[in-house]
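Me: I'd like to go through a structure that is new to me. Could you take it slowly?

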Amino acid sequence: MEEITQLNSLLEKVARYQPSYGGGLATHLPMVLIALNKLSAPNAKLVETFHNSVDNLEVIGSLDKVDMVANIESELGNSKSFKRYLKYFQHQLAQNTIKAVLEKSLPILISGIAASAFHGLIRLAYALEANSRSEIAIALAYWSAEYQPFELLEETTSERLADILTRLAPLGEHYDFSPGIIVNRMNEIAELLKSHRSVIQPAAIDLETLQQFALKSFYLSDDFTLLHTVTGCHAFSIILPFLKNEELALRQLWKAILVAYLSTGLGFKDEKLNIPACDVDFEQLRSNALQSKDSHIIKLVYSCRAEYQKSNKPLYYLVAKRAVFAHLG
């Protein structure tokens with residue numbers, strides 16, 4: 001349990017810092033520390049990663065004079081309310097079990113699952129993997145403060161996910177986005193879908209279909225935004241046991257994935273994949289990933305390995321291998 005002790009020690013130090021920096025970018029430090037731990041990185045790698053990543057982060061400071069929010073719904077999407085939410089969730093977790101807090105919070109937060117380009121979701125899932133209450137409190141507060149809902153039609157269509165994206169991709173391709181980060185582009189395209197009264201929901205939905213759609217889309221495009229939909233789907237699978245209404249949650253996840261894709265401005269063609277034969281060797285890939293200083297690559301390898309172990313889908317290996325060797329090369 002030495003690695004867990006070192007990880008928890010570092011996570012307690014990370015808990016001193018704001019979850020975002022540089023005008024709205026999410027810090028990946030706690031997530032990459034947990035992913036490294038799951039990939040059996042040595043303690044020295046965790047410590048090195050921590051010390052190389054804290055310089056640009058802002059200290060949260062004391063919450064003694066901060067008033068907590070009245071309830072979860074009261075200030076959703078107000079980034080200035082992060083400390084108020086943090087104090088609220090710290091109080092909730094001190095009084096209740098993690099399970100009870102999540103079962104109360106997630107049905108409210110799930111409609112804003114795109115928060116911080118899926119980073120609220122991912123940070124929470126990783127915090128659960130590490131069983132860190134301090135991280136869980138920060139992740140829930142961050143998700144609440146950055147809550148990003150998309151008020152789109154709930155009407156369904158008999159089309160497949162690929163058919164829906166084929167129909168809607170031209171909206172993103174031909175849209176002139178304003179300068180901004182991923183969340184800004186997602187807001188813009190969501191408003192466009194809303195104004196067009198676009199039908200986006202399939203008649204039937206399940207997690208495996210969503211995961212494979214996100215994985216295939218990322219494999220075909222190698223787009224940075226779409227990387228987050230792959231790691232986001234993995235994170236969703238971790239929080240799913242705490243959600244009673246799985247279908248509702250899946251529809252919110254699909255909505256966010258679709259909006260994320262359209263925000264890239266990429267075209268879409270439902271291509272049939274010819275997956276090359278390969279020997280899946282995640283052990284070698286894991287070893288190579290630990291040489292990387294890129295948090296997205298480390299997280300992607302962790303997610304892909306975890307999902308491959310569940311599904312035995314070689315595309316997870318190919319996606320992770322491409323990321324690692326493109327970086328090392």
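Overall shape and one residue

Me: How much area does the protein chain expose?
Reply: The protein chain exposes about 14500 Å², with carbon and sulfur atoms supplying 48% of it; such areas come from the Shrake-Rupley method with a 1.4 Å probe, and for residues only the protein chains shown count as cover. Please note that this is a predicted model, where local features need pLDDT of at least 70, side-chain atom pairs count only at pLDDT 80 or more, and totals for chains, interfaces and linings use all residues. Residues are numbered from 1 along each chain as its sequence is written, and side-chain values use heavy atoms, leaving out hydrogens and water.

Me: OK, and what share of the residues is buried?
Reply: Of the 329 residues in the protein chain, 55% are buried, meaning under 20% relative accessible area with a 1.4 Å probe, counting protein chains only, while exposed means over 50% and partly exposed lies in between.

Me: Switching to Thr27, is it buried or exposed?
Reply: Thr27 counts as buried because its relative accessibility is 6%.

Me: Where does Thr27 lie?
Reply: Thr27 lies in the loop between strand E2 (25-26) and helix H2 (29-38), where helices (H or I, at least four residues) and strands (E, at least two) are DSSP runs numbered from the N terminus.

Me: Which residues does Thr27 touch?
Reply: Leaving aside residues up to four places away in sequence, Thr27 touches Gln18, Pro19, Ser20, Tyr21, Leu57 and Arg123, a contact being heavy atoms within 4.5 Å.

Me: And what does the side chain of Thr27 reach?
Reply: The side chain of Thr27 reaches the backbone nitrogen of Leu29 at 3.4 Å.

Note on methods
A polar contact is a pair of N or O atoms within 3.5 Å; within protein, one must be able to donate a hydrogen and the other to accept it, and residues adjacent in sequence count only if both atoms are side-chain atoms.
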